[in-house]
Every structure is written in C-alpha cells, then in structure tokens.
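Subject: Structure handover

Hi,

Here is the structure I said I would pass on. Please open it first, then read my notes below.

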Amino acid sequence: MFLPRFLPTLFLTLVCLLVLSTPLALADDNDWKPVDPAELSSTTPVVEPNADAEAIFWEVRMDDSQTEDLIFKHYIRIKVFTERGREAQSKVDIPFGKISHYKIRIEDIAARTIRPDGTIIELKKSDIFERTIVKANGVKIKAKSFAMPGVEPGSIIEYRWREVRENQSANNVRLEFQRDIPVRSVKYYLKPFANGETMRVQTFHGNSPELVKERNGFYSVTMTNMKPVHEEPNMPPEDQVKTWMLLYYTPIPTSNPAIYWGLVSKAFDEIIKPLMKADDRVKQTAATAIGDATTPEQKLQRLYEYVRANVKNTSDDASGLTAEDRLKLKSNKSPSDTIKRGQGTGQDIDLLFGALAKAAGFDVRVALAPDRNQIFFSPEFSNLYFVEPSSVAVKVGDVWRFFNPGYNLLPFGMLRWQEEGEETLLVGESGALWVKTPMSPPELSRVTRKAKLRLLEDGTLEGDVRMEYTGHLAIEKKEENDEDSPQQREDTLREMIKSHMSTAELSNIQIENVTDPAKPFVYAFHIRVPGYAQKTGRRLFLQPAFFQHGFGALFQTSDRTYPVYFHFPWSEDDNVEIELPGGYALDHAEAPAPMSAGNVSAYNVKIQVADEHTILYHRTFFFGGGESILFPTTTYSAIKQVFDAVHTSDEHTLALRQGATASN
Amino acid sequence: MNMLKRLIGCTFFLLLLSVPALAGSDEAPLWLRDAAAQNAPAYDRQVRAVVLRREQNVTVSEDGHIVTTTLYAVRLLTREGREYARAIVPYLTETGKVRELNAWLIRPGGAVKHYGSDNVTDAISDPNDVYNELRVKVISAASDADAGMVFGYQSVTEERSVFGYDDWNFQDRLPTLAARYTVNLPSGWSAQSVTFNHSKVEPAVSGTSYSWELDNLPPIAEEPASPEVTNLAPRLAVSYVPAQGANTPLKTFSNWVDVSRWLSELHDPQAASNDALIAKARELTANSHTELERIQAIGRYVQHLQYISIDIGVGRGGGLRPHAATEVFAKSYGDCKDKANLMRAMLKAVGITAYTMAIYLGDPTYVREEWASPSQFNHCIVAIKVGDETQAATVVQHPKLGRLLIFDATDDATPVGDLPQEEQNSLALLIAGDQGALLRMPVTPPESNRLERQAEMTLNGDGSMSASVHERFAGQSAVSARREFRALSRPQYNQRIEEWITHGVQGARLSRIEPTDQINENRFALDVDFNSLAYAQLMQNRLLIFKPAIVSRHDSLVLTEASRRQPVVLGPYALTETVRVHLPANFDVDELPDPLKLDAPFGSYAASYEVKGDQLVFTRTMTLRAATIPPEQYATVRGFFERILATEQAPVVLARR
C-alpha cells in the first residue's frame, strides 16, 4: 500500500543524515580535552590499516529532559594521516534550518587544529560562514561552514558544537556508530524525558553495549573500533550491515513481543475497519465482478481484475497525472467512495480489493510488512518503526494469500520483491498473527531470449532478437521505462546493449507491454554487431553465448566484507541460432559442462549444428532456488566460484574453419 | 560534503512535494503567447525541446546600476524535455537582487499555469565553496510539464557592478528559433562586440541601444570526444564604451595590457609578505642548490595546501582578487588565485620573480584573443621568470620578460616542469602590469607523456597462466595514474586494479599490486602479478586459444555511430607495450592474427606477433597527437579505432604437437 513515509519522517531522515555527517559527541564542559602526545606523533591508524584519517573519539551528549527542545552536544577529534585525509576532513559543513515546524539551531561552534609540532591554531569566529543552502515554501536549510586552518598530514583536528532541535523528542532517534572514516571510540550520553514512558534502545548489527548510568540523569553507551562501511556489489541494505541503534519511547511493554504486537494489531484494526467496510455498494460490486466464478482462486482473480480495470490508479507513474493534478484530487473515505469515483490511490485500490473480498465471504486482513530493501526484519523487535501497511492478506483454505493490486505493475498472486519472504503482521481484532510471505521461485522471474543471427565472413553478426521478461525482472524493466517517452525507451535499450557490445547497431526496435501488469515486458529488435567474431588465419572465433557477450564476471574481487545478497530468485532461458558464413564450418562442437549447486542454481548449455551451417545454442540458468538469496561472507569464495564458472562457460568460444566439415 | 549534497537533494525533493496548487487561469504575457504560437521545424527524435525565444535586455546606467530583463520560452518536444521547464536566475547577494521572477506553463489546449514568488526556490550556486555570494533563484515546473507544453519565464535582475562588459550565449545545446541580446547604454556611450563560434553578428543600432539577433539555430548534439559546447554554440561578447569624460565606476578594457594592469592592481598588493612567510620560504629552499630546485620546493609546498574557496565581494571584483599571501600562509588554505599569489610571494622571498596568470580551465579553445576581458578566465596559475640554466618543457618566451616557467600551483598531481593537459595550448594572460600579455601555453609532445608496458606471461597446457605486468607512466600519463591513485583509498585502489585485470583475465587472482609514485620526476610505476586457472581455452584437448593483449589500454575511444556532426577531438597519447608469452611445452603456434600497421594524420598504431623459440612476443604501439578532426573525416577516424579494437580482440591459436 503503499504510501511513502510522510514528510516529518523524511525530515527525521535528514536530521539523521545531519547527525551522521557531523560528528556527534559531547563534552560536558566547554574545554578541549587534553591531547595525548602519543596521538599527535602517531603515524599509523589503529582501527583500519591504510585509513587516511581516523576519529580518535566521537562523543554526543543528547539531552531530552526538557519539555521543549532536544539538545545534542557534539565533539569529535580526528587524526589526519594522509593528504587524502587532509582533503576530506578539512572542510566542515553543519546543516541546520527549518522544514515545516521542525527547526534545528546550531550554536557554540569551536574548532582547532593541533599541528604535528604541537602548535595549535584556533578557528576564528570570523572564519565560520553561515550559508542558506536552500529556501522556499517554509523550508530553509542552512549550514555553518568552515575550513580547518593549517591542516597537514599528522595534524589532529577537533571541533564541537551544540545542536538544538526545537520542540522535538528523542523518540525514534537513530544513533549512528559508523562514519566515513574509522572511529576508535564512539560514546553517546543519553538523558531521556521523564514522562512515564520508558526509553528503550535497540542495537542493530553489533553487540548490544551496556547502558551505563552516569551523573545528572544521563546514561552512556560506548562502542570502540568502528570501521566505516565500504560498498560492495550485491550487498545487503546499509541498515542491515552497519552498526546503529534506535532510541525510542513506549508506554507498551516490549519485553514480550506477542503482547506488544497484539496491542498494535488491535489498534490498527480499529483504524482499518471503516476503510475496508463492505457496504451494500461494495457487496453488489463484488457479486457483479465475481460473476460465474466458482473457485476461490477464480473469485479473487476476478476481483483483482475488477479493481485494476475499473479504478484509475492515481499513484501510477504512467497515469498521466501531474503533481498539480494529484493535489486537486479528492480523497476517498471508503471503498464505496472509490467505486463511486472510479479512481483512487494505490492504497484505496488495495482497500477496495480487501473490502470486495470480504464481501465475497473471505477472511481478509491488512498486512503490515517491513521493506527487505531497508532491513531484514524480525518480529522479536517490538517496534513499529520498520513495518507499514503493504498488502492485503486473504485466507484461501488454510493458506494466507497476499495481494497488492494498488501497485499497478504486479501480476495477480505476486508481491513486490521487497515484501516477499518477510514476516508480515496480519491486523485483526483477535490480535497479532505473523505470517511469512512466500518468495517467488526462479521460474516466475524469467528472461527468455531468442536470437536468429547470421555471421558474416568479416566477423559481423546480424539478425533479429527478442527478449521477454516476467515477474520481478519485468517489474524492474517496466519501472525503468514506464515514465519515459518511446524515444527514451529506445535509447535506454541501446545503452544497455552497447554497454557490453560497444559496436552494436540496433534498428526496428519494438518495446511491448511497458505498462501492462500481466504481460511480459518485451524487447524486439534487429541488431548488427561488427567485429563480433575474431579472425585469425583460416579460423573465425565465435562466442555463441550472444546475450552474455562482453559482460565481466559478477564478482571481481577476491576479498569480501559483507554477505552476498540478491533481491529475488531469477532464471534465464536463451536460444541463439547462428547461420555460418559460406565456406566455414564448425571446427568442433564442444559445449561447456553443465553445473549445478543443489537446488540453489543450475546452468546448462547445449550446442548443436543444424544443416551443417547453423549453430543452435541453448542455455538455461537459474539462481535463488529454495529461497536462497542471502549468503554469509564465509561462503563468498563458493558463490564467486559459481559465478566465475558460469562466466567462463559463457565465454566459451567456438572455432570455425574454412573448408572444415561440420561436426555435431 | 556528500552529506550536504544529499541534504540539498532531499530538500529539493521536499520542495517539489510541497508545491501548492496554483490557479490555472492566469494569463501568459503576450510575448510568451506569441512565442508559443510559433511553428518549429522538425528535429531529430533525440531533440527534447526547442527554445522559441531567448532574449536578454540590459540597461546600463552610468553609475554602474544594471537592470537585466530576461525572456525565455521553450517548447517541450518529448516527455524527457520536462527538465527544461525550469527558470534559473543567478544573482550576487552583496551587489545584486532578483527583482521579479514569473513563469508560466501553457498546455497544448491553451490552459495556463502561473508560477510566482510562492514557487521560487533560492539556493546556493556551488555547495563545494565554504562561502560564495553567487546564488540562484529557481522555478521548476518539471513535475507539471509534459511533451507539447510551452514553458516560459520572465525575470528582472538588478546589480551594481564595476564590470563594463557582458557576454552571452545565443543558445545552449537546444535548437533556438530566436535569440536576441539588447543593451541600452547611457547617452553618448557606445558598444563594441565580438562574436564567437559564428560569423560576426552586427547589431541593429538605435541611438545608444544595440541589439544582436540570431534565428533558427540548429541543435548541438552531444557526441563522444566532441569539442566543448562553449566552442560550438554562438556566443557574444559586448564591451561598453563610456562617453568621453563620463564619471563611471564601470571598467572596460581596450586591450590585454589594460586587463593586465587592472588585475595587477588587484593582485600585487596581496603578494606582500611578512617575516613568517619569508622564513618559511627560506626554510623550504634551504637545501636547494639550483633555481629549479628552489621553485620545486616552494611549488610542492603550495600545491599541498588545502584547496578552499571563499569568494566575497565578487560584484566589486573580489572574485578576481586573491586573499593576502600572509593570510593564506597562516591558514594553510586557499583557492587557485590564493595559491598562485602565495607562491609568487614565497618565490620573491628567495629572490625569484614570478607573476600570476589568468587561464580558462575546461576548454583550451575558450579564451579568444579578440576580446580583452578578465571574464574569459576561471583559473589562476603562475609564470616564473627563470634563467637559462632552468630547462623545462613548460618554459615560454616573453618578448620583454624573457623565459617564463609556467606552473599550476593548484594541481598537486602535476609537478614543476609540466602543465595539466587541460591547460596546454590555451591562451593565458600574464598579469604583469604594463608587461602583461596573452600568451600561448606550451604543449608537451605525446612521447613525453607515454605509457610503457611490459608483460610476461607463462601459459600452461591446461589454459592456466601466471603473469606480471609492469607499467611505467611519464608526463601527463603519470599525472592521470597519480590522480587515480590519490583519489582512492589503498583498498579502493587495489580493487580498481583487480577489476581492470579481471576484465581481461577471467578469474585472475592478484598476488602483488605495487604502485610507486615518483612525482619529482613526474613518473608513476605500477607492477602487478597475477594468475588465472582459465585464461586460454582448450579445444578438443588439441587447440589452445588465447588473447595476447592481456590487459586493456587504459583509455579506448569507441566511435560507433554511423555519422557524425561535430569534429572529433583527440588528446595526445602514447603507448608502447611488449607482451612475452612463454608457450606451454608440447604446443606450437598454429595460427597468429595478422599484424596491423596504421598511419593517419592524427596518429599511428602497430601490432605485431613474433615467435622466438618457446616465446611469443606481441608488441603494440599507439601514438595519438592532439588533433581536432573535422566531421567529414569521421569515417577515417572511426575505422582507425575499429581496426585497432578488432586486432586487440584477435586470439592466437596453439596446437598440441
């Protein structure tokens, strides 16, 4: 369902960015802490070898004890080791400002550089510049900016400031423990608001540090030797790999997740009930839509098709509605409204589908799910922070089925990959019910590619190509194209092909079903690739895996820090037919050996010769069987080996020889 | 900084979300309705929008007060053309303001939407600067716009300036139906103009009002390796000539010496030194024995100061005046003119005379001799007066000042004796009072910027291999390698090298990555050892095929379009590579690719194969000269690179004995 998190949440995200970018921390007084001479003379990083700079400490004092404001005092000390570190750390921007009623002030900035010889250069107040970054419509983002004076490799720089978040509470504040440089020690001092709610903290992807009671009502939490997050291909989402902490208040006991989620479920159910009410109009509509369908599957499919066909989806990118148009739309208060108006948001459509299913006698619940693109969620964490309404669950027999017709590109029976394979909370008056959503098997997300080609004696390959995408692969393609003009869609295809076959020339391009949720996304085109095959003496060398030509190996580095993660299982089925130039025949017809990795993956290639002058190449591949899409770092070598082997097999070359006799 | 950019990006997104609904009944002004009624020629499908009217009307007062009215109308031809439904009006906070900004979106049916002050976003122009007075006011209608609509805006800006000149583009890359620039001068004043990238455009003159106009300008397509758009789009430069005896703060220039004198007034006082600065200069050069060594010692120091830009008083020429050398020295940071000025002061402290130089970074053809104006420059370097004992490729001869060593004190990857590729062959202004002059910057030959690569590979009968690659970069080739090395952390650099090797060698495992930077000699070395279990393919247990070009050239130009509109611009490049392959026992060479030798006016290429005992020696050499090749010779240059690509892909065939 559906809606992006709303504006205040976005602002909180900005605030979190702010907190991350500008070291938090705090000194209890206004003095600089003494500098250890050993730190000044040190030339090597402690946390991560080869680091260009390293935070010696990073302290934040968060005070939420006052009614009005949330106050942070930040203090960071950084050791600079290299020129690159000097360049990256010398300039400081501390954003603040106002968005709607959220306002942040920055006060009491102080900064200084301690050079390797011990001389200290204080930042002058006149060298702190206040800039309005952007201003419009009640939004005013500003920054206090300064350059640290006299920095050179070997210097220590440190700065501190006070940040006041006006009329805000610390509920759902994210405490970051990693920065763009390694940090030897991160310490937060936290002083909660004493209003009867209990402050709680939850650590993600790190050992939960002890909350230590400090003076004046503060608690502290410390982590040490924190490395920065380095990006890797096919890694889990950042919130899933980095160490961070969520601070929140709740009056509800969280030690027993079952109780917590039960209360949440009941509360949500009260909100949802009127929004999914099956009144007479809904009942009548359901009966009409279902018609002569008899099985539950048929009935649900009819209802799904009904809402898709009869309600214009105003959330759809391709609806033709502008921002102005959307602002003018009236909101629907009930499923009946949605039927009456014949249009609604994606959320309206989901709720209407739920109401129709309910009217048809099904047990229906709204499903609250986390987003697998953000984090891998566990219901053991008793907080609503990660879950939001995402789909409608309908019980068919003993099985809960999930539907999201409001997302216009989803075929019947599928969810967005972000919500597949996730523990999902079904809202109901009887309490919490957690059900794991199914993950689509590889065969549901398939690319089927066919090429009928002719090889010329000079190595040029030319012919017709068709590529069909289904399931999540189709959704990705449709999302990529649905807002674009036909010309832009063609340009996107050209770029895609040229990125791995630089000399390719495309013509007669057809792109089908870009906005059709049910049909496969299709590319069809004529292609000419000069220099595809290489000539050496009497031989021509040809890579029959036409669709894999020019791609590098998926995993190119030997080391790995994070798990390997694929968004969803997928499969590939390629048929390539290549007519050979006159006078040439296949020197040999060896095919790469088949490979399989249990039920997770399999690769097969068959190469045949037809009529002595046509090569028939058939390749199948799938990955992610058994819902295996996440692989721990310890298995990286094995995963890399699989993809390296596939790549090697895809690069398999056939030799064609002038005057040779074809072999099968 | 990245965070700030993200924050700004997020904020713009929020602003888009929060654009209020607007009345649709507002009427567009007559000029916009007239523009929208025009028919445009048919363009290629790639052209996303056509500018219907592009007009700037400037009224200059004797006291330096300047009012500029801009009218702009664009028809969106494709959905992607929405990005052009945007008004961006720059201004300086201290000396200027945007008095009026209104925009309209006209739908194909004629309905009009007006965007007024409630829709204006005011933003910094460059998030990288610590402080900069230049800001922009923006109205974006992109989220409302679509193909077939016409977007137009009208702005009025005011400024108090000291600059008695202006420059203006008749178009950007979009086709433009009507472009007009008008200047209204005080009584008795006149205007002089220069046209760039187009035959001279003569103004229509009425009293002291001058108007230049061009119509029906075709689109300027984006093509790889093409000249910068600043060298393609017609541009206009206008100088205001005050009446005899006029009392005006507006500064105009009749020749380059004039410009030099004026800039010298801004620069010279800032080069004063103090004891600390002099002491540092002497300390840096204490162990230097020659003039060149003294220059190198100070050059290294200044280049390594942090680059920080703080521009204040831009409208009064502040953007052209360096901060005091003593201040820059104390803070250890500054921008290009600050660094050039500090270097000048430090050199003076050790008895060497130097001058600052204004140059344009980004397009060596940008600065034109025929228009004497400081606004042609965006960067500052140093010219150092040297004696005959100082020999370097970047010495130029000044008719009066003699030998001048040119040096960029900002680019810390290019040492004394070399000049960044982007600055070579461009025109730069020596800021030396009456001795100032526009000088052509030196060009270093491809051979001094070469890459020499030696590779040794031992190939085994099962297709596995082990190899070593040794690269030796010199000149600007070393500068490129050094920039890459410095821009990345060591783990990132290793990863980049690993990706480069595995791109050519499937499944390569690297056992050594050893970069060595010799900046004083302007050389860079890279040694890499690796092996692979499956480099060559064994066929029928009889034939072994492999590509002797183990690794790719670092830069390869791929020209794939059938036709070309713009010239092809080539930079100088020189590669020499020798690959020695130790062949597996019991295998003989069965077939070798044909050797290739190409000679063209812009460059040459040769690839050859030779069997020496159990070794195959593959050599390739490539030399490209800096050249601008006209579009009619496109087929030649495209064919040149295609044949190279085909040759470098061709495999060697070995057969089992």
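This is a predicted model. I start with one residue. Asn481(A) is buried, because 20 other C-beta atoms lie within 10 Å of its own and 20 is enough for that class. Asn481(A) sits in helix α11 of chain A, which covers residues 471-481. Beyond its neighbours within four places in sequence, Asn481(A) touches Arg489(A), Thr492(A), Ile511(A) and Val514(A). Asp574(A) is 93 residues from Asn481(A) in sequence, and the two C-alpha atoms are 23 Å apart.

Now a contrast. Gly598(A) lies in the loop between β31 and β32 of chain A. Is Gly598(A) buried or exposed? Gly598(A) is exposed, since it has 9 other C-beta atoms within 10 Å and the class takes 12 or fewer. From Gly598(A) to Asn575(A) the C-alpha distance is 24 Å, with their positions 23 residues apart in sequence.

Confidence in chain A

Mean pLDDT for chain A is 89. Of the residues in chain A, 94% reach 70 or more. Residues 1-29 of chain A stay under 50 throughout. The model still has 70 contacts beyond four places in sequence for that stretch. Keep the low pLDDT in mind when you look at those contacts.

A helix in chain A

Helix α13 of chain A runs over residues 636-650. Its 15 residues reach 21 Å from first C-alpha to last, close to the 21 Å expected at 1.5 Å a residue. Which residues of α13(A) are buried? They are Tyr636(A), Ile639(A), Val642(A), Val646(A), His647(A), Ser649(A) and Asp650(A). These buried residues pack against strands of chain A: β28 (564-565), β31 (595-597), β32 (601-610), β33 (614-623) and β34 (630-631). Two of those strands, β31 and β32, flank the loop that holds Gly598(A).

Chain B overall

Chain B has 657 residues, and 44% of them are buried. The chain contains 10 helices and 38 strands. Its C-alpha trace spans about 90 × 70 × 45 Å along the principal axes. Take the contacts in chain B with a separation of 6 or more: 74% of them join residues 24 or more positions apart.

Strand β38(B) has two partners worth a look. β30(B) pairs with β38(B) in the antiparallel sense, through 4 bridges. There, Phe546(B) is bridged to Val652(B) in β38(B). Strand β33 of chain B, residues 587-591, also runs antiparallel to β38(B), again with 4 bridges. In that pair Glu591(B) is bridged to Val653(B) of β38(B).

Where the chains meet

The contact between the chains takes 69 residues from chain A and 70 residues from chain B. On the chain B side, several elements each supply at least two residues, among them α1 (2-17), α9 (490-504), α10 (634-649), β30 (543-546) and β38 (652-656). Which element gives the most? It is α1(B), with 11 residues. By class, the chain B side has 35 nonpolar, 19 polar and 16 charged residues.

Strands also pair across the contact. Strand β6 of chain A (residues 129-136) and β6(B) run antiparallel, joined by 2 bridges. Val134(A) stands opposite Ala123(B) in β6(B).

Over to you.

Notes. Residues numbered from 1 in each chain as written. Chains lettered and ligands numbered in written order. Predicted model: local features only at pLDDT ≥ 70, side-chain atom pairs only at ≥ 80, totals over all residues. Contact = placed C-beta atoms within 7 Å. Nonpolar A, V, L, I, M, F, W, Y, C, P; charged D, E, K, R; others polar. Pairing = 2+ DSSP bridges. pLDDT = per-residue confidence, 0-100. Expected span 1.5 Å × (residues − 1).
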